[in-house]
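Q: I am new to this structure and would like a close look at one part of it. Please choose a single strand, show me what surrounds it, and then place it within the rest of the model.

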Amino acid sequence: MSAKSFRSLGGAALAVLLTTAACDGTVGPNSDAKLILFANLAGTSVSTVVVNVTASDISAPLVFNIAVINGIATDTIAIPAGSNRTIAMQAYDANGVETHSGSTVVDIQPGTNPTITIVMQPLTGDLPITVSLGSQTVAVSPSALQLPAADTARLTAAITDWNGHPVSGSVRWATSDPSVATVDASGLVTAVRSGSTTVVATFQGAGGHATVTVP
């Protein structure tokens, strides 16, 4: 695949989640940080995500190919800790045609890194892809819920680090359309009227979501 320049960032639509935490072993200025890459690419034609990492003190670019399975791209990658790491992403469809690109320059520190967001812009008429880099992942269960009007159901959220270990903490719940369904501080969803909405649980910048449909 030929190298292409990356467009400036902006907009939001889909989610890619990169989560950072220090790898086991001695922590120093050149330690690797573990990055969990998660991309929700449902509704796009993307079949592969390519991640390139460059910096003045990284002798050769680091390149990672992440396959998309059932609309999800996820993997764990390692990036040396240090300043001015350029993380560039390109998305490709099954025919090898580039569909999205985006990049950001960040400082990667040993241990937990703060959450930031970037955006992969579409090169055609598709939607942009929002990218989050943080220290944890949040998974909401169940990921899809159907409720008759006035019925209730409880969602749960699991917070984990890059190694899959549970992280203690409380998520914050919200709904994108409270006219369809509401959610309280404990994850209890109440269906209001017919339609579909997304219920999101967030923790320190990381987010997981579930689709709630009211027939």
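A: The walk below starts with strand 6, moves outward to its surroundings, and ends with a second sheet and the confidence of the model.

First, some ground rules. This is a predicted model, in which local features need a pLDDT of at least 70 and side-chain atom pairs count only at pLDDT 80 or more, while totals for chains, interfaces and linings use all residues. Residues are numbered from 1 along each chain as its sequence is written, and side-chain values use heavy atoms, with hydrogens and water left out.

Strand 6 covers residues 82–93. Strands here are DSSP runs of E with at least two residues, numbered from the N terminus. This one is mostly covered, with nine of its 12 residues buried. Buried means under 20% relative accessible area, exposed means over 50%, and partly exposed lies in between (1.4 Å probe, protein chains only).

Just before the strand comes A81, in the loop between strand 5 and strand 6. A81 is buried too, at a relative accessible area of 2%. Its C-alpha atom is 5.4 Å from that of D32, although the two residues are 49 apart along the chain.

Now look at the partners of strand 6. Two strands count as paired if DSSP finds at least two bridges between them. Strand 6 pairs with strand 3 in the antiparallel sense, over eight bridges, and A91 in strand 6 stands opposite V49. Nine bridges join strand 6 to strand 7, again running antiparallel; here Y92 has E98 in strand 7 as its bridge partner. Strands 6 and 7 form a hairpin with four residues between the strands, and G96 takes a positive phi near 80° in this hairpin. One step further along, strand 7 pairs antiparallel with strand 8 over two bridges, with H100 opposite P122 in strand 8. Strand 8 is also mostly covered: five of its seven residues are buried.

Strand 6 holds one end of a charged pair as well. The side chains of R85 and D57 meet in a salt bridge, with 2.6 Å from N to O. A salt bridge is a side-chain nitrogen of Lys or Arg within 4 Å of a carboxyl oxygen of Asp or Glu, and a search of the whole structure finds one. Because R85 lies in strand 6 and D57 in the loop between strand 3 and strand 4, the pair ties together parts that are 28 residues apart in sequence. The two ends sit in unlike surroundings: R85 counts as buried at 1% relative accessibility, whereas D57 is partly exposed at 48%.

Next comes the nonpolar core. Such a core is a set of buried Ala, Val, Leu, Ile, Met, Phe, Trp, Tyr and Cys residues joined through side-chain atoms within 4.5 Å. In soluble globular proteins, nonpolar side chains tend to be buried together. The largest core here has 27 residues, and L41, V51 and A73 have the most contacts inside it. Strand 6 is among the strands that each supply at least two of its residues, along with strand 3 (46–54), strand 7 (98–108) and strand 8 (116–122). V51 gives a good view of the packing: leaving aside neighbours within four places in sequence, V51 is in contact with residues including L37, F64, I87, A88 and M89. Contact means heavy atoms within 4.5 Å.

What lies elsewhere? An open sheet of four strands, in the order 11-18-17-14, has mixed pairing. Strand 18 (residues 206–214) has a covered face that includes A210 and V212, and an uncovered one that includes H209 and T211. In a regular strand the side chains alternate between the two faces of the sheet. Strand 18 runs parallel to strand 11 (residues 144–146), over three bridges, and antiparallel to strand 17 (residues 195–203), over nine.

Finally, a word on confidence. On the 0 to 100 pLDDT scale, the predictor's confidence in each residue, the protein chain averages 82, and 84% of the residues score at least 70. Confidence is lowest in strand 1 (residues 14–22), at a mean of 44, and highest in strand 16 (residues 188–191), at 98. Over residues 2–29 the pLDDT is below 50. Where pLDDT is low, the predicted coordinates should not be read in detail.
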